[in-house]
Amino acid sequence: MDLTKREYTMHEHNIVLKEFLTANEGKLKKLQDDARISQDAFDEVVKYFGENTKTTPPSVFFPVIVRFVKSYRQAGQDNELRKKQEEALLNKILEQEALLEQQDEKSPSHKTKRQQQELIAELRRKQVREHRQVYEGKDGAIEDIITDLRNQPYRRADAVRRSVRRRFDE
């Protein structure tokens, strides 16, 4: 745009340049303002997530955000599916209990068997409630540390091995 303005100052009689400048100068200013606003917003978001604005370009930052949003949505869908499965299992258990009660009403001689089945059904209900899987975010860092500690146990720098210590004590 600056080159166009310079060209127009040199050739002020050029009507095409004048029309181009008047038509597009406002658009360019608005575009530059929008670019500045979006850059400021990006800087704020990057700082909010604890990153450095100078070392984290948008090409690195936004794929991480996209991956997080996809994982978050998937977790929500998994939770809904798990709740539906738990409800279906609970309904199935209740149906089995109702069927057992109908059978027990017909034959009262199976009272002990009915009590056992009620106990089993109650234990199953408790197990369903308690059996909520917790998925930990595994990035591998903790597993790597544990594996390293298993392979090479931590020893203090000033610690002496026991076998060496025994030789010195003798």
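**Exercise 1. Place Thr56 in the chain and describe its surroundings.**

*Step 1: location.* Thr56 sits in the loop that connects helix H2 (15–48) with helix H3 (58–106). Helices here are DSSP runs of H or I with at least four residues, strands are runs of E with at least two, and both are numbered from the N terminus.

*Step 2: what kind of model this is.* Please keep in mind that this is a predicted model, in which local features need pLDDT of at least 70, side-chain atom pairs count only at pLDDT 80 or more, and totals for chains, interfaces and linings use all residues. Residues are numbered from 1 along each chain as its sequence is written, and side-chain values use heavy atoms, with hydrogens and water left out.

*Step 3: burial.* With a relative accessible area of 7%, Thr56 is buried. The cut-offs are under 20% relative accessible area for buried, over 50% for exposed, and partly exposed in between (1.4 Å probe, protein chains only).

*Step 4: neighbours.* Leaving aside residues up to four places away in sequence, Thr56 touches Phe42, Val46, Glu51 and Phe61; a contact means heavy atoms within 4.5 Å. The Thr56 side chain also reaches the backbone oxygen of Asn52, at 3.0 Å.

**Exercise 2. Follow the aromatic rings from Tyr48 to Phe61, using the pairs Tyr48 and Phe49, then Phe49 and Phe61.**

*Step 1: the tools.* Two numbers describe a pair of aromatic rings: the distance of the centres and the angle of the planes. Rings of Phe, Tyr and Trp (its six-membered ring) pair if their centres lie within 6.5 Å; planes under 30 degrees apart are stacked, over 60 edge-to-face, and the rest tilted.

*Step 2: the count.* Searching the whole structure gives six aromatic pairs.

*Step 3: one of these pairs.* Tyr48 and Phe49 are edge-to-face, with 5.3 Å from centre to centre and 85 degrees between the planes. Tyr48 is exposed at 70% relative accessible area, and Phe49 is partly exposed at 46%.

*Step 4: another pair.* Phe49 and Phe61 have ring centres 5.9 Å apart and planes at 55 degrees, so this pair is tilted. Phe49 belongs to the loop between H2 and H3 while Phe61 belongs to helix H3, so the pair ties together parts twelve residues apart in sequence. Phe61 is buried, at 6% relative accessible area.

*Step 5: the wider group.* Ring pairs join Phe42, Tyr48, Phe49, Phe61 and Phe62 into a cluster. Phe42 and Phe61 also appeared among the residues that Thr56 touches.

**Exercise 3. Which residues make the nonpolar surface patch of about 350 Å²?**

*Step 1: the members.* The patch is made by Val45, Tyr48 and Phe49. Patch residues have over 30% relative accessible area and no salt bridge; like charges are joined within 9 Å, and nonpolar side chains (Val, Leu, Ile, Met, Phe, Trp, Tyr) within 5 Å. Areas come from the Shrake-Rupley method with a 1.4 Å probe, and for residues only the protein chains shown count as cover.

*Step 2: a look at Val45.* Val45 is in helix H2 and is partly exposed, at 35% relative accessibility.

**Exercise 4. How many salt bridges does the structure hold, and where are they?**

*Step 1: the count.* There are three. A salt bridge needs a side-chain nitrogen of Lys or Arg within 4 Å of a carboxyl oxygen of Asp or Glu.

*Step 2: helix H2.* Asp34 and Lys30 meet at 3.3 Å, N to O. These partners are four residues apart in helix H2, about one helical turn; Asp34 is partly exposed at 38%, while Lys30 is exposed at 53%. Asp33 and Arg36 meet at 3.8 Å, N to O, and are three residues apart in helix H2.

*Step 3: helix H3.* Glu86 and Arg82 meet at 3.4 Å, N to O, four residues apart in helix H3. Glu86 is buried at 17% relative accessibility, whereas Arg82 is partly exposed at 24%.

**Exercise 5. Describe the protein chain overall, starting from its helices and strands.**

*Step 1: fold elements.* The chain has six helices and zero strands, giving the pattern α-α-α-α-α-α along the sequence.

*Step 2: burial and contacts.* Of the 170 residues, 9% are buried. Among contacts between residues at least 6 apart in sequence, 31% join residues at least 24 apart.

*Step 3: surface.* The chain exposes about 15900 Å², with 54% supplied by carbon and sulfur atoms.

Definitions and conventions. A polar contact is a pair of N or O atoms within 3.5 Å; within protein, one must be able to donate a hydrogen and the other to accept it, and residues adjacent in sequence count only if both atoms are side-chain atoms.
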